[in-house]
Amino acid sequence: MDLAHELLDYEEPLRTAAAPSPGEMLLDVGCGAGATSRDLAPAAAPGRVLGVDISAESLARAEQLTRESGIENVDFLCADAQTHPWPGPAFDAVVSRFGVMFFDDAPTAFGNLRRALRPGGRLALLVWQGRLRNEWAVLVDRVFDGVFGPPGRAAPGTGPFSLGDARAARGVVGAAGFARVRLHAVERPVRYGTDLDEAVEFVSWFSSARLAELAPARREAALAALRAELDHRRDRTGEIRLGARAWLVTAVNPPSPRDVPVPSRGNGR
């Protein structure tokens with residue numbers, strides 16, 4: 001399932017915040033199928049974008065789509081950005097579109113990403129706000145909970161909403177040594193499908209683990225309930241969009257003391 005088109009409305013604010021310039025090197029964390037990497041690449045050329053993800057399957061798709069697009073200044077790496085030994089401060093910007101909420105150890109991960117940034121380098125991330133502020137999560141939970149009961153929710157500080165609290169998000173980024181940490185609210189709907197069948201397929205895909213727990217008859221009941229709920233959300237064109245809210249997190253990697261010029265004292269007279 002290619003999720004690129006579902007989140008296209010979020011590319012523009014992320015690109016603006018990342019502000020790629022010709023010749024720069026950018027790191028795209030949790031790149032998935034590479035949509036953000038490809039979106040940033042033209043502005044960075046002749047520099048390059050490196051997309052990193054732990055899913056070899058997603059990266060295979062990313063490489064295929066990148067070849068088909070004709071974009072030549074994007075590379076991909078299968079690695080865990082949290083622990084990967086980056087070869088020194090090689091990047092001008094680190095970006096991520098909903099790819100940094102799943103770190104096992106967020107302070108360590110953000111510290112590792114800062115080490116990959118050049119002094120003065122930029123950080124630009126999109127992360128989901130809290131679960132209850134995202135209609136797409138609330139709707140799916142309500143439908144499936146009604147069929148087979150609520151699951152165990154992710155522990156606080158984990159899962160897709162781990163950085164949903166503004167104070168916590170600002171704190172974990174600041175604790176890693178970043179400066180000028182700012183959060184900006186971004187509210188744009190997520191397109192779940194151009195029609196009802198596509199929307200049901202999309203939700204079934206990202207809920208596959210939960211659906212797999214059900215016997216066939218109950219799984220069909222859950223999907224029927226989901227279809228009925230989504231059917232009420234179709235707009236005049238037949239598309240299904242659900243409300244979504246995110247934080248755009250920006251920061252900079254401050255220069256180290258040795259990179260800051262010392263003012264001349266002159267004669268002092």
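Strand S4, residues 91-97, is a good place to start in this predicted model. The strand is mostly covered, with 7 of its 7 residues buried.

Which strands does S4 pair with? One of them is strand S1, covering residues 25-29, and the pairing runs in the parallel sense over 3 bridges. If you want a spot to click on, try Asp28, whose bridge partner in S4 is Val95. Strand S5, residues 117-128, also pairs with S4 in the parallel sense, here over 6 bridges. For that pairing, look at Phe91: its bridge partner in S5 is Leu117. As background for looking at strands like these, side chains in a regular strand alternate between the two faces of the sheet.

Now for a pair of helices. Two packed helices are described by the angle between their axes and the distance between those axes. Take helix H7 (residues 196-206) and helix H9 (residues 216-231): their axes come within 10 Å and cross at roughly 130°. An angle over 145 degrees would count as roughly antiparallel, and 65 to 115 as roughly perpendicular, so H7 and H9 are oblique to each other. As for handedness, H7 passes H9 in a right-handed crossing.

Which residues make the contact? On the H7 side they are Leu196, Asp197, Ala199, Val200, Val203 and Ser204. H9 contributes Leu223, Leu226, Arg227, Leu230 and Asp231. Sorted by character, the residues of this contact between H7 and H9 come out as 7 nonpolar, 1 polar and 3 charged.

Methods:
Residues numbered from 1 in each chain as written. Predicted model: local features only at pLDDT ≥ 70, side-chain atom pairs only at ≥ 80, totals over all residues. Heavy atoms only, no water. Axes fitted to C-alpha atoms, helices over the stretch in contact; angles between N-to-C directions. Helix = DSSP H or I, 4+ residues; strand = E, 2+ residues; numbered from the N terminus. Parallel < 35°, antiparallel > 145°, perpendicular 65-115°, else oblique. Left-handed = near helix turned anticlockwise from the far one by under 90°. Contact = heavy atoms within 4.5 Å. Nonpolar A, V, L, I, M, F, W, Y, C, P; charged D, E, K, R; others polar. Buried < 20%, exposed > 50% of the residue type's maximum accessible area, 1.4 Å probe, protein only. Pairing = 2+ DSSP bridges.
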